[in-house]
Amino acid sequence: MNCRMIAALLISIPAAAAAAPETVSLTLPEAVKLALAQNRAIKLARLKVREKEQKKAGAKTDYFPSLKNESSFLHVTSLQNIDIPRGAFGGSPDTGLAPSHDLVIGQGSLTLESIGTSLTQPLTPLIRVRQENLAASSEVAESRNDVTKLENQVAVTVHEAYYGILVAQLQKRAAEQDRSYASTRLTEAQAGVRDGSALNLDVLDGKAGLLQSEQSLLTIDLRLADLNAQLDDLLGLPLDTRLVLSPAPVMTPVDISREEMLKIAYSTRPEIASAMQAVEQAKSAVVVAKSAYIPDVAVFARQSYQNGVPFLARNFGTFGIAMNYDVFDFGKRRAAVREREAQLAQAQENVARLKEAVAVQIEQSANKLERTKKMLEVASEVVRLRAESERVADNQLKEGVVLVSTRRAASAASYKAEADLLQAQMSYMLAQAELQQTIGRTPGE
């Protein structure tokens, strides 16, 4: 039995090692690039582009003639015959009556066959075909704009998750220092109670502080697990993949004026480009609605074969011009034109609305960038002061002036200041990414 258990354990060890989560090391640009290549939502949007491209290819074929075959095989229950009575055409003594007996002339046969192959080229419907092709082209461009918009959104979300993990990792180290300080403080309080220099209340306060630090550490661990799973999902990786992230350097943004930002946003912002494509689609729809007043004219040629139809040759050809026109429709076409014109006005108004909204977003993003820059400067000064305070506490501990808990408290405060500094750095860089998204660029590329 023991041998079997040992063998089972030896077999399970490689299986457990194989099931261990994979570890991936990434920098921020690599994470953004991986997300743009593997994110499921982006893949779906790109497949939507392929769908619209095929729809456009299908609309283009309407320019060309259509070749069709129409075949019918019919059986009728009765036919109308021609009856000629005896002597209907008169007669003479030499030849007798004509006809000499009653005649029944059949008209075709009960079973009919009709096979025809026709080639038709529309003429006036080409007006609608052209507008439908323009609308299909606009839909392709709009779907591509949706891909760009989604890529920008995913890139910003990757920045948020990436920075969140880095900040949480430093906050975890600060929480560990705080737990160490709380543990040392509790030990000192317990020693003070034993030698009579402290009260039991100090011990209770120390235990509460230690439990609070443990709770904070557990909360940070849970947040780290959530952020890691969120970033795995954004990158298209298995959700149990462990990510080792490199620190993101603080980048100085390129100085661009607000007017230049507006120009860039109006030309590259996916929402504005999609809205302008919607305007083009609405214009095409207006032309299509007005074309309903034009008769549908087409030229055609047909080769037919028939068997059983009276008075027609077995093989014959037909060619000509066909026209179809609704003479009166009780105002349906006029209502359709007005509906399309109203949709065009809505699309044009939507473009103006989006441009105004983008101008407001640029103003807000630029202001946020300036605020986070000032917060970064303040956090840097706090780190410098906390480092000096830690140095002084270390010197005082060596001289025996302060307790170990005081030194640990200074270290915990220094780690917290560094975490706040990293938070300020991440906020500053995230504000840069949001500004890039606002003007229509993909952050991190």
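## Helix faces, a helix pair and two loop residues

In helix α3, the residues I42, A45, V49, K52 and A59 are buried, buried meaning under 20% relative accessible area, exposed over 50% and partly exposed in between (1.4 Å probe, protein chains only). These residues lie on the same side of α3 because they cover an arc of only 85° around the axis, the arc being that of the directions from the helix axis to the C-beta atoms. The model is predicted: local features need pLDDT of at least 70 and side-chain atom pairs count only at pLDDT 80 or more, while totals for chains, interfaces and linings use all residues. Residues are numbered from 1 along each chain as its sequence is written, and side-chain values use heavy atoms, with hydrogens and water left out.

Helices (H or I, at least four residues) and strands (E, at least two) are DSSP runs numbered from the N terminus. Helix α3 spans residues 40-60, has 21 residues and reaches 31 Å from its first C-alpha to its last, close to the expected 30 Å; the expected span is 1.5 Å times one less than the number of residues. Turned away from the buried side of α3 is a face with the exposed residues R40, L44, R50 and Q54. At the N-terminal end of α3, N39 acts as a cap, with a side-chain oxygen 3.0 Å from the backbone nitrogen of A41.

Helix α2 (residues 28-38) has the buried residues L28, A31, V32, A35 and L36. Seen down the axis of α2, these fall within an arc of 130°, so they line one face of the helix. In general, an α-helix has 3.6 residues a turn, so residues three or four places apart point the same way.

The axes of helix α7 (residues 270-290) and helix α8 (residues 332-399) come within 8 Å and cross at roughly 165°. Axes are lines fitted to C-alpha atoms, for helices over the stretch in contact, and angles run from 0 to 180 degrees between N-to-C directions. The two helices, α7 and α8, are therefore roughly antiparallel to each other (angles over 145 degrees).

Two loop residues are set out below.

| Residue | Loop | Relative accessibility |
|---|---|---|
| L123 | between β7 (111-122) and α4 (126-195) | 40%, partly exposed |
| F330 | between β10 (315-324) and α8 | 75%, exposed |

F330 has a positive phi of about 60°, although it is not a glycine. The C-alpha atoms of L123 and S414 are separated by 81 Å, and these residues are 291 residues apart along the chain.

Terms used:
Polar contact = N/O pair within 3.5 Å; in protein donor to acceptor, adjacent residues only side chain to side chain. Parallel < 35°, antiparallel > 145°, perpendicular 65-115°, else oblique.
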